[in-house]
Amino acid sequence: MTQERISAQIAELHEAYLREGLTRHHSARDFAPYRSSALRHPKQPLVTLDDPEAAELTGPVFGVSDVTALDNDLTRQHVGEPLGERITVTGRVLDRAGRPVRGQLVEVWQANASGRYAHQRDDHPAPLDPNFTGVGRCLTDDEGRYAFTTIKPGAYPWRNHRNAWRPAHIHFSLFGTAFAQRLVTQMYFPNDPLFPFDPIYNAVLDPKARERLIASYDHDLSVPEWSLGYRWDIVLDGPSAGLFEQEEHE
């Protein structure tokens with residue numbers, strides 16, 4: 001499928017959304033321009049667990065250690081310095097009433113500055129960085145704040161259609177009061193020229209909801225001679241909620 005056809009499909013869906021006055025807080029699970037969603041979205045009713053505690057016992061865990069002070073600084077996890085533009089990303093995790101969500105496990109993963117993941121399935125010809133793995137985590141504080149220091153990721157190809165490139169983004173995973181309560185989304189950067197061409201970003205038909213996926217540059221968060229600062233708050237529920245998207249392959 002050509003980029004022109006993808007762009008036309010996206011435009012048609014957006015026009016239908018505005019024309020019909022639809023109210024959709026989350027992206028469609030079978031958004032046609034995002035090809036693999038037609039194969040991957042759930043088609044059967046949700047399964048009710050007879051024993052929720054059993055799901056907790058067999059579900060995700062923190063790992064081999066608790067969250068440490070270095071887990072949220074992706075630039076200090078190796079002996080050498082990673083390549084690229086160092087950034088600080090921070091914000092608050094809030095509920096629908098604007099109250100802070102405390103003690104929330106927040107995980108991130110991302111491509112390096114060249115747009116490549118440290119993952120065996122990512123084999124496109126961009127260099128790996130031996131000093132950057134692209135994975136971090138932290139716990140929100142009493143005000144619901146999280147913070148990461150990392151490298152701004154690059155764009156990368158993803159073979160959804162001809163000449164398909166993802167805008168720069170960081171994946172976020174948030175856990176609630178139990179590991180079965182997991183939400184995954186993506187944070188984008190301001191003014192990315194790839195926005196009009198990305199089916200995943202455009203699967204969010206509500207323009208205001210799409211805007212909530214974009215971090216804002218905050219000069220007061222920038223650290224002199226160290227990093228540029230971005231702020232991105234995450235609202236978990238309600239009319240101002242962030243959009244929790246499907247993943248393409250990571």
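In which sense do β7 and strand β8 pair, and over how many bridges? I shall begin with that question, since it leads into the sheet of strands that I wish to describe today. β7 and β8, the latter covering residues 182–188, pair in the antiparallel sense, and they do so over seven bridges. As one example of the register, histidine 169 stands opposite tyrosine 188 in β8.

Before going further, I should state that this is a predicted model. The mean pLDDT of the protein chain is 85, and 81% of its residues reach 70 or more. One stretch calls for caution: over residues 246–250 the pLDDT is below 50, although this stretch has 29 contacts in the model beyond near neighbours in sequence. Where pLDDT is low, the predicted coordinates should not be read in detail.

Allow me to give the overall picture. The protein chain contains five helices and eleven strands. It has 250 residues, and 44% of them count as buried. Among contacts between residues at least 6 apart in sequence, 71% join residues at least 24 apart. The accessible surface comes to about 14,000 Å², and carbon and sulfur atoms account for 54% of that area.

I return now to β7. Is this strand mostly covered or mostly open? It is mostly covered, with seven of its seven residues buried. The burial applies to both faces: His169, His171, Ser173 and Phe175 are buried on one side, and Ile170, Phe172 and Leu174 are buried on the other. Besides its pairing with β8, β7 pairs with β2 in the antiparallel sense, over four bridges. There, glutamate 107 stands opposite serine 173 in β7.

A further pairing involves β1 and β4, which run in the antiparallel sense over seven bridges. The bridge partner of arginine 86 in β4 is isoleucine 151. β4 is largely enclosed by the rest of the structure, because five of its seven residues are buried.

These strands bring us to the interior. Which residues touch the most other members of the largest nonpolar core? That core has 22 residues, and the ones in question are Val89, Val106, Tyr146, Phe148, Ile170, Phe172 and Met187. The elements that give two or more residues to this core are β1 (86–94), β2 (105–109), β4 (145–151) and β7 (169–175). There is also a second, separate core of 18 residues, which includes Phe31, Trp109, Val184 and Val204.

Tyrosine 146 deserves a moment of its own. Leaving aside neighbours within four places in sequence, tyrosine 146 is in contact with a list of residues that includes Val89, Val93, Val106, Cys138, Phe172, Trp232 and Ile234. Thr90, Gly91, Arg92 and Thr140 are also among its contacts.

I turn next to some individual residues, beginning with those that are buried. Tyrosine 156 lies in strand β5. Tyrosine 156 counts as buried because its relative accessibility is 2%, and the cut-off for that term is under 20%. Tyrosine 117 is 39 residues away along the chain, yet the C-alpha atoms of tyrosine 156 and tyrosine 117 are separated by 9.4 Å. Their side chains are joined by a polar contact of 3.3 Å.

Asparagine 160 is placed in the loop between β5 (156–157) and β6 (165–166). Why does this loop residue count as buried? Its relative accessibility is 4%, and asparagine 160 therefore counts as buried. The side chain of asparagine 160 makes a polar contact of 2.9 Å with that of histidine 161.

Histidine 41 is another loop residue, found between α2 (37–40) and α3 (52–58). With 16% relative accessibility, histidine 41 also counts as buried. Phenylalanine 31, a member of the second core, is ten residues from histidine 41 in sequence, and the distance from C-alpha to C-alpha is 9.5 Å.

Finally, I consider two exposed residues. Asparagine 191 sits in the loop between β8 and α4 (199–202). Its phi is near 60°, a positive value in a residue other than glycine. Asparagine 191 counts as exposed, at 74% relative accessibility. Glutamate 225 belongs to the loop between β9 (216–217) and β10 (228–231). The phi of glutamate 225 is likewise near 60°, again positive in a residue other than glycine. Glutamate 225 is exposed, and its relative accessible area is 86%.

That concludes my presentation, and I thank you for your attention.

Notes: Residues numbered from 1 in each chain as written. Predicted model: local features only at pLDDT ≥ 70, side-chain atom pairs only at ≥ 80, totals over all residues. Heavy atoms only, no water. pLDDT = per-residue confidence, 0-100. Contact = heavy atoms within 4.5 Å. Core = buried A, V, L, I, M, F, W, Y, C linked by side-chain atoms within 4.5 Å. Buried < 20%, exposed > 50% of the residue type's maximum accessible area, 1.4 Å probe, protein only. Areas by Shrake-Rupley, 256 points an atom, 1.4 Å probe, with all protein chains shown as cover. Polar contact = N/O pair within 3.5 Å; in protein donor to acceptor, adjacent residues only side chain to side chain. Pairing = 2+ DSSP bridges.
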